[in-house]
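Reader: Please take one part of this model and go through it closely, helix by helix where that applies. After that, set the part against its surroundings.

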Amino acid sequence: MRFVLRRLLLFVVALLAISVAVFAMLRILPGDVAAVMAGVNSPPERVAQLRAELGLDRPLPVQYLDWCGALVRGDFGTSMLTGRSITTQVGARAAVTFPLIILGLVIAMLIGIPLGCAAALARGRRSRAIYRLVSIIGGAIPALWGGMLLILLFGRGVGLLGVLPSQGFPTSGWGTPGAALASLALPALSVGVIVGASLMRYTRSALGEFVASGYIEMAMSCGMTRTQAVLHVGLRLAMPQMVSVVGLTFAEMITGVMVIENLFALPGLGTGLVTDVGNRDLIAVQGELFMLAAFFLLIGLVVDLAHRALDPRLKASADGNEVSA
Amino acid sequence: MAENPGAHGQAGATTPISASPSETASTDDSLNARVKTPRKRPWTWIVIAAIAAAAIIIGIVAIVNWPASQPAGQRDSITIGLKLAPTNLDIRNQSGSALDQILIGNVYEGLVARDENNQVVPALAASWKESADGLTYTFHLNEGMTFSNGDELNADDVVWSIQELVDKQYHDADSLANFESITAVDPHTVELRLTKPNSNLLWTLAGRCGLVFDKDAEYDAKTEAIGSGPYLVTDFRANDSITLKANPDYWGDHAAKTQTVVIRYFTDDNAAVNALASGDVQVLAPVSENLAGQFADDTEHYTVQAGDGTDKYVLAFNGAGEHTSDSRIRQAIRYAIDHEELIASRGGADAPLGGPIPSLDPGYEDLTDLYPHDVDKALALMEEAGYGPDNPLTLRLEYANTYGTDLGDQLRSQLAEIGIDLKVEVVEFSTWLQDVYTNKDYDLSLVDHNESHDFYQWADPEYYYNYDNPEVQDLYAQALAATDDADRDELLRRAARIVSEDAPADWLFNYRITTAWANGVEGFPVNLNQTQLPLWNLSYEG
């Protein structure tokens, strides 16, 4: 319990630090949203007038406190440019990015974990070399190139086997689940292959560690075959590590899939963030970054808690520390 | 125990496998025999993974709603692909031609409008009269006009809209030069008075300044639009798409021919081309000239056409810059640039442009012979200024990343020949606004000035060009005050020639927008479609 409380406290402190860092760093960027709104045909007075209207002429600490005060009330503010609430805006973009990540991660796990297990089990020199080659090739494909290749293979209207949409997200969104899912298929596959290769390496090395340790031999001496021992004992032992890797990969992918979103013209979080930075819509950017950071921390928290649930030894040692402290 | 592995219930576990025990850890041969994994295993796993991946793809394909093939005939929905996306719909505050392009003539209407040759034509005003001294304009409005919310559109709305523009200094308000007052004579007549003549007034009123808004309507202008035009905005996603539906109660004779027009915005040129090829969009404007080949070759299904426009790629030389204030260096740069090469590398559709006025604007004259491509002349001028290939001059070119990196690279290699070491900095548009437009801290800058009738930039010494020539300013003032169009054009022509001779910039080319559409699409404007894009006449049969 104390562990959970301590982690939560840390979570809040980290959020506070992030809010300061995000706010301060964005103010270093040259240019502001008023100039972007005014464009290249407006006199300087027009920019000044817009700055005043938008409250950009107030001292920075006041703007920061203003923003923070609203944050505490759960209000991320309204974009100066689009006039929509940041929460709605992020929600709409997350409705593209999160399904894409989940789909990509599922594909990655389907590819990576079995291959990783097989690689850990492989003993022949040739088969090991093959697995290594597969993981290197999979990991070395640039997302952009892989995506283009997939478009050339499967893109409707352009591909050899033109069956899937190669760009865009239906304007009807998830109201037409089939079309929405189809538009995410190629992007998810391009992400999945690359992330799958890295998951494969993680799985292999995590399992490899236990294969080298005494656990497997112990299990085998109890009568399991090597395959059984690795899959039943090794995989179970590697589980906490795998959970961390998958959790962190998930968080990483939020911004990592940006290149793919751009290539497939998907209106997701990554492309949205870049547009907002470009327009110097700082209220929106800081809200989005803050949410992403909070999400990152939250995943870390969940992973930590999952660790303790999966590995009783952690709990025992942590409790022991607490007693001695 | 090892003798009886069948207790685990695994069929394979009891199968003895013959294998060499060479690399196994145990000393027990029978255990080592089982340790060895079957040789076929790695392939089995790869096959399983591949089947799983394939199953996902097939599964997704299977649940795709295939677009039901429609019977041939008039379609009630068209999707068009454009490039620059608006971030909001607030046409009174937000700059950028993306808003003019999609809202003017479709959702909002002005007192007057522009046709595809950039000439002023009637819109809300059926006719108008200019007094002999050029100070009073009387507009006679159409009768029976309504906004999309049902409100009547009359002289009060016109007066209110223009008065608000001036009072609140909305975007572009300063181009309504010499404005004195606007009054409603009766519900269908409006009188606009000027302090001094403004020969550009009517043309200005065909843009944002002349738009008429409903003074009684309350709506969030950033996300909604209530106008009097043939289309309504029914869905707007910032930076992504706009859905327009025909206004069922449209008052005029520009009623929409197609019920629904969806506009999608593509930042990635390849994605845009794929969208046209797959039939997700029926029109693409602009299509990158270098990617348009596949459509140009397929005349059975597509039409590709370049249209005239007023996009001027201006390579500005800072008039107050340390080195660029030296006219010899500016002239040398102009001689050194090979415009034909630039145009050819972009696909060849663009037109050469020798001065500040493009062919669709008043006062145009072909000035390309003023600074022909002449490296020797450029070298001589550079030597006079004290520089040469052995003693290069370092200059900095800053421009926004929307124009890509190719142009900067080409300019760097062309200028390297005459001893200019060009440092190219490609930055975000907002950074450019800060460095170049606001702070005027640059040597060279590159922008596509796509506005029409924008010669005033050269007559304003405060503009970021830092170009200050009283003769040009005087000629431009005279042109504005001219009450006769021929006089105005002649004055502008003279001013433009002086500007070009002074070489405050090089005009790389007049960008001609290439539009591609699926055959069966009719009525999509090809000229000037990036500044105003009236869609009422658009239809698609296929």
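Author: Two residues are taken to be in contact if their C-beta atoms, placed from the backbone, lie within 7 Å. On that basis, among the contacts in chain A with a separation of 6 or more, 68% are between residues 24 or more positions apart. The model is a predicted one, and the part chosen here is the helix packing of chain A.

Chain A has 14 helices and 0 strands. Read from the N terminus, its elements are α-α-α-α-α-α-α-α-α-α-α-α-α-α. The C-alpha trace of the chain spans about 85 × 65 × 35 Å along its principal axes. Of its 325 residues, 43% are buried.

Helix α8(A), residues 177-212, is a convenient place to start, with helix α7(A), residues 143-154, as its first partner here. The axes of the two helices come within 9 Å and cross at roughly 135°. Angles over 145 degrees would count as roughly antiparallel, and those from 65 to 115 as roughly perpendicular; α7(A) and α8(A) are therefore oblique to each other. Their crossing is right-handed. On the α7(A) side the contact is made by A:Ala143, A:Gly146, A:Gly147, A:Leu150, A:Ile151 and A:Phe154. Facing them in α8(A) are A:Leu186, A:Pro187, A:Leu189, A:Ser190, A:Val191, A:Val193 and A:Ile194. Sorted by class, this contact between α7(A) and α8(A) holds 10 nonpolar, 3 polar and no charged residues.

The second partner of α8(A) considered here is α5(A). These two helices pack at an angle of about 35°, and their axes are 5 Å apart. Here too the crossing is right-handed. The contact of α5(A) with α8(A) has 26 nonpolar, 7 polar and 1 charged residues.

Helix α5(A) also leads out of the chain, to the contact with chain B. That contact takes 66 residues from chain A and 73 residues from chain B. Helix α5(A), residues 86-121, gives the most to the side of chain A that touches chain B, with 7 residues. That side as a whole divides into 34 nonpolar, 25 polar and 7 charged residues.

Across the contact, chain B has 14 helices and 20 strands. Of its 542 residues, 46% count as buried. Residues 24 or more positions apart account for 71% of its contacts with a separation of 6 or more.

Among the strands of chain B, 7 form an open sheet with mixed pairing, in the order β8-β9-β10-β1-β11-β18-β12. Its edges are β8(B), residues 231-237, and β12(B), residues 302-306, each of which pairs on one side only. The partner of β12(B) is β18(B), residues 514-518, and the two run antiparallel over 5 bridges. Within that pair, B:Ala306 is opposite B:Thr514 of β18(B). Helix α6(B), residues 269-277, lies across β1(B), β11(B) and β18(B), running at about 160° to β1(B).

Chain B also has hairpins. In one, β6(B), residues 179-186, and β7(B), residues 189-194, run antiparallel and are joined by 6 bridges; 2 residues lie between the strands. B:Ser181 has B:Arg193 of β7(B) as its bridge partner. In another, β4(B), residues 125-130, pairs with β5(B), residues 136-141, in the antiparallel sense over 5 bridges. There B:Glu130 stands opposite B:Tyr137 of β5(B). The hairpin of β4(B) and β5(B) has 5 residues between its strands, and B:Gly134 takes a positive phi near 70°.

One loop residue completes the account. B:Ala217 is in the loop between α5(B) and β8(B). It is partly exposed, with 16 other C-beta atoms within 10 Å. Leaving aside residues up to four places away in sequence, B:Ala217 touches B:Phe147, B:Asn149, B:Asp151 and B:Ile226. B:Ala217 and B:Asp151 are 66 residues apart in sequence, and their C-alpha atoms are 8.3 Å apart.

Note on methods. Residues numbered from 1 in each chain as written. Chains lettered and ligands numbered in written order. Predicted model: local features only at pLDDT ≥ 70, side-chain atom pairs only at ≥ 80, totals over all residues. Pairing = 2+ DSSP bridges. Helix = DSSP H or I, 4+ residues; strand = E, 2+ residues; numbered from the N terminus. Axes fitted to C-alpha atoms, helices over the stretch in contact; angles between N-to-C directions. Buried ≥ 20, exposed ≤ 12 C-beta atoms within 10 Å, placed from the backbone. Parallel < 35°, antiparallel > 145°, perpendicular 65-115°, else oblique. Left-handed = near helix turned anticlockwise from the far one by under 90°. Nonpolar A, V, L, I, M, F, W, Y, C, P; charged D, E, K, R; others polar.
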